[in-house]
Each structure stands twice: as C-alpha cells, then as structure tokens.
Amino acid sequence: MNHSPPAAANARPLLIALIVAIAFFMETLDSTIIVTALPHMARSFDIDVARLSIGVTAYLMAAAVCVTASGWLADRIGSRTLFCGAIGVFTIASVICGMAQDFSAFIAGRVLQGVAAAMMSPVGRLVVLRTSQKKDLGRALSALIWPGLAAPVIGPPLGGFITDMANWRWIFYVNVPVGLIGMALVMAYVPNEKQAPRPFDRKGFLLMAVALGALTYGLDLLGMRQQQALYWGAGLVVLASVLGVMVHRHLSSAQHPLVNPAIFKVRSFFISSVTGGVISRAAISATPFLLPLMFQLAYGMTPLQSGSLLLAYMLANLLMKTVTTPILAAVGIRNALIWSSIVSGLGIALCGFVSPAADLALNIVILAFAGAGRSMQLTAITMVNFADIPPPQRQPASVLSSLTQQIGMGAGVAVGALLLTVGQTTRGAPALALPDFQLALVLAGVISASAAWFYAGLARDVGDEISGRAQGPAR
C-alpha cells in the first residue's frame, strides 16, 4: 500500500531522485571531507595515522552489517519513515563524531553513522527504482551519481580549509544543515510505501552480520604494521569465507530469506556488483585514501594544500559527468566499462608520481586523467547494475547492490593500508615514505585495470535501453 502526502502525488521521478541525492551527498561528503584531516585527527587522538583507517572501515563495516535489514524495515515501517529517520540518525552521529574526546568515542560515532548509512543508500535507491519507469531509469539513476561526483570536489579542499582555519571537528558539523534540509524534503515529497509484512530472517541476518564484520575488520587488520595483527586479519578473512558459504546455503534454502540470492543469477548484476564492481570500487576507494596521506606525510603539505591539489582529481570527476551520457550512448556500457577500467588504472598508477617539485600543469593533467576515468567507471557501473532487473526484484537488487558497494569501499581503504605496509616492510623502514605510496598507487592501478577482464563477459548490448544507445541485436 502507498501512504503519500499530497505533494508526493504529483512529484515527478526526477524530483524524488534529486531529493534522495541530497542524502547521498551528505553521506558522500562525510567520507571525502575527512581525508585531508586524518593526520591532524591522529595527533588529536595521539594514535598512528595508519590506525585512523579503522575510522573509515568501522563506518563501512557497520553499514555492511546492517544494510541487509534495510529492505525488511522499509517494507514494515515505510520507505519515507525509514529514509527520513536514517538521515536524522546520521546527522546526530555526525555531531557525536565532532564532539568525541577520545578515539573510542569517535569510532562509536562512526559506527552509528554507518548504521544510518545502511538505511539511507538502499532505501533511497529503492524509492527511485519504484517511482521510475524503465525508460526514465537512466535519467533517475544518473541524478543519484551526481552527489558521488560533486561531494568529492567540495570535500577535500573544504576539509583542508576547515582543519587549517578552525578545527577538524567542524568537518562533521557540516552535515547538520544538510541533514535538516534533507529530512524536510523527504517528508514533503517522498511517498511512504509499505509492503505486506514478512517474517524477519534472524539466522540469515546474524550469519551475514558476523561474516561481513569479520571480513571488514580482517581486511583492516591486514593493513596494520604488526605481525600479530596480520595473523588475526588472515584468520578473520578465512572465517568470513567459511561463513559466506553458510550464508549462501541458508539463503538458498530459507522460506523467507533476508535477501533473495536468485538475483545474482542475473549476469549483468553479478558482474557489476560482485566481481568487476567490487574490484573497481576497491581501487577507486583506495586512491582518495592514499593521495592525501602521500601529500601530507611524504611531501609535508598542509591539509589545505593537500585538499587544493586534490581538487583537480575531484573536479575532473564532476566535469566528466557532463559527457558520460553521450559517450555511453555512443559506445555502449560494456565498452565504456572495459576501457574506463584500463584508463582509470593507468591514471591511478600515474598519481604516484604527482609531486610538488613537478610542473603544476603536469600534476593537474595526471590527477584530472585519473578523476575522469573514475567518473566514467562509476557512472557505467551504476547504469548496468539495474539494466536487466525486473521491477519485482528491484528491492533485493537495491539491498545487495548497496551491500557489495560497501564491501568494495571497505576493501579499498583496507587494501590501500595493506599496500602501504607491503612497501614499508619490503624496504625494512621504520616509517612510511614516498616509495611506499608510489608502490601502493601503482598496485591499486593494476587492480583497477584487472576489472576489465570481468566486464568483457557482459553482453555487448547490455543496458542499451537505459543508456539511450540505439537498439540492436546482441552480438
């Protein structure tokens, strides 16, 4: 059934998509504005800067653990109620992070943010999927991509400016006005759709929660420069793999599974969400984590200088979006994914050689090249995700897409930290230095390029209907 306020009855799908995008903007801004402040935050909490990666992974781990329950909750209490409540909790958690006096309190705030984000992303995307016909789906999904491109443009320089001019704590307070505006718009325009209640799959939720928690924390431990942490991290990853097999068996046999694994039989969804998609997102997420640290730790830049240099990388993300639609229509999503993986990988690898001593124009070209590849890749992945998903399967597809997205992002930060450790250990050095960052970025570029192999398995005409490409028989 559908309980909507009067304004919602006349709301167009694009308007709803833009409202949902505001929440996504807040969520994405929070993850990018923090990167230039990490060294200052480490000094404030008196910890190693590499350990602040847990501040990122704790957020992602909480989001991954709780995202599987979002579909059930949306059906039970209504998509508008859950979405609005999640924005409110995210805003409150942001204030907690800003007020934290020790690292434990900060991590608690990040976990609460992750829980709220777990309800924001899949439910917001589900609202857009339910209010859009397939012919309008490309335009609606495209609106959701803008926050992921605009927020990174604003985030690093804004975070650097706030950290230099005031205090890193204020970067979390930026979410307060955005959250309040978002809640007001959601209540005014988003329909409060509910579905018939179904039993909650407690066993499935617990198995998935433990598996995802073990995987995310295990990857974080692998990035630490301690032998004992390495062993624990490897053990947790193995445990997550075993639990993953148990989760699959349970979901395949349960009468009311928390998420329906049959959605993975859709080839385009499986490749864009699980194989190629996770690899691409991991490489994409590792880069914004590595670059600010390299600029500040290896070159001694201030947060503002670091954020300003990153502006070229992030601005290219945004500007590229203005031409991605005609490119996708001209070459097709499959070809765009293959080539953007290779281009993005090359750009990430070249970022390791950006230096204050180099020509500024050359630095800008390298960073813009990497950012443009990232933009094309994210757009194409989002488009192909739901290209072959029929309306009845859009709810589980939205949940599973958000889940694998969180896994990819969490893996990216953890892998970035691990690659730094590999470089430092290989050199036998007591502290991180420029060669460690260069090696990490080159390897991250190789990871990005490897995703092209999976995208090559997509149908040549995949997503043609939503990308606007002329229809033709699959070849």
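So, how many nonpolar, polar and charged residues does the lining of the largest pocket have? Let me get to that by way of the pocket itself. One thing up front: this is a predicted model.

Okay, the largest pocket. There's about 630 Å³ of space in there. A total of 22 residues line this pocket, and the ones closest to its centre are G244, V247, F264, L403 and I407. If you want to find the pocket on the screen, go to those five. And here's the answer to my opening question: the lining has 17 nonpolar residues, four polar ones and one charged one.

Which elements supply at least two residues each to that lining? That would be α11, residues 202-222, then α12, residues 227-253, plus α13 and α17. Of these, α12 gives the most, with six residues.

Now for the enclosed spaces. Rolling a probe the size of a water molecule over the atoms shows where empty space is left. Here the count is three cavities of 30 Å³ or more, and I'll talk about the second largest, which holds about 50 Å³ of space. Three helices give two or more residues to its lining: α13 (267-298), α16 (360-385) and α17 (394-427). The biggest share comes from α13, with five residues.

Let me name the lining for you: S272, S273, G277, V278, R281, I381, N385, S401, T404 and Q405. By class, you've got seven polar, two nonpolar and one charged. Put that beside the largest pocket, with its 17 nonpolar, four polar and one charged.

You'll have noticed α13 coming up a lot, so let's look at what packs against α13. Two packed helices are described by the angle between their axes and the distance between the axes.

Start with α18, residues 434-450. The axes of α13 and α18 sit 9 Å apart, at an angle of about 165°. An angle over 145 degrees counts as roughly antiparallel, so that's what α13 is to α18. The crossing is left-handed. On the α13 side, the contact uses I279, A283, T287, L290, L291, L293, M294, L297 and A298; on the α18 side, L434, F437, A440, L441, A444, I447, S448 and S450. That contact comes out at 14 nonpolar residues and three polar ones, with no charged residues.

Next up is α15, residues 333-351. Here the angle to α13 is about 20°, and the axes are 11 Å apart. So these two run roughly parallel to each other, and again α13 passes α15 in a left-handed crossing. From α13 we have S280, A283, T287, L291 and M294, and they meet S341, I348 and C351 of α15. Five of the contact residues are nonpolar, three are polar and none is charged.

And then α16. Its axis comes within 10 Å of the α13 axis, and the two cross at roughly 155°, so α13 and α16 are roughly antiparallel. That crossing is left-handed too. What does α13 bring to this contact? S268, F269, S272, S273, S280, R281, I284 and L291, and they meet L367, R374, Q377, L378, I381, T382, V384 and N385 in α16. This contact has seven nonpolar, seven polar and two charged residues.

One last link between the two halves of the talk. Some names in the α13 and α16 contact, including S272, S273, R281, I381 and N385, also turn up in the lining of the second largest cavity. And L291 of α13 appears in the contact with α18, in the contact with α15 and in the contact with α16. That's what I had!

Definitions and conventions:
Residues numbered from 1 in each chain as written. Predicted model: local features only at pLDDT ≥ 70, side-chain atom pairs only at ≥ 80, totals over all residues. Heavy atoms only, no water. 1 Å grid on protein atoms, 1.4 Å probe; cavity = no way out; pocket = protein on both sides within 12 Å on 5 of 7 lines; lining within 4 Å. Points joined across faces, edges and corners; volume = space filled by probe spheres on them. Helix = DSSP H or I, 4+ residues; strand = E, 2+ residues; numbered from the N terminus. Nonpolar A, V, L, I, M, F, W, Y, C, P; charged D, E, K, R; others polar. Axes fitted to C-alpha atoms, helices over the stretch in contact; angles between N-to-C directions. Parallel < 35°, antiparallel > 145°, perpendicular 65-115°, else oblique. Left-handed = near helix turned anticlockwise from the far one by under 90°. Contact = heavy atoms within 4.5 Å.
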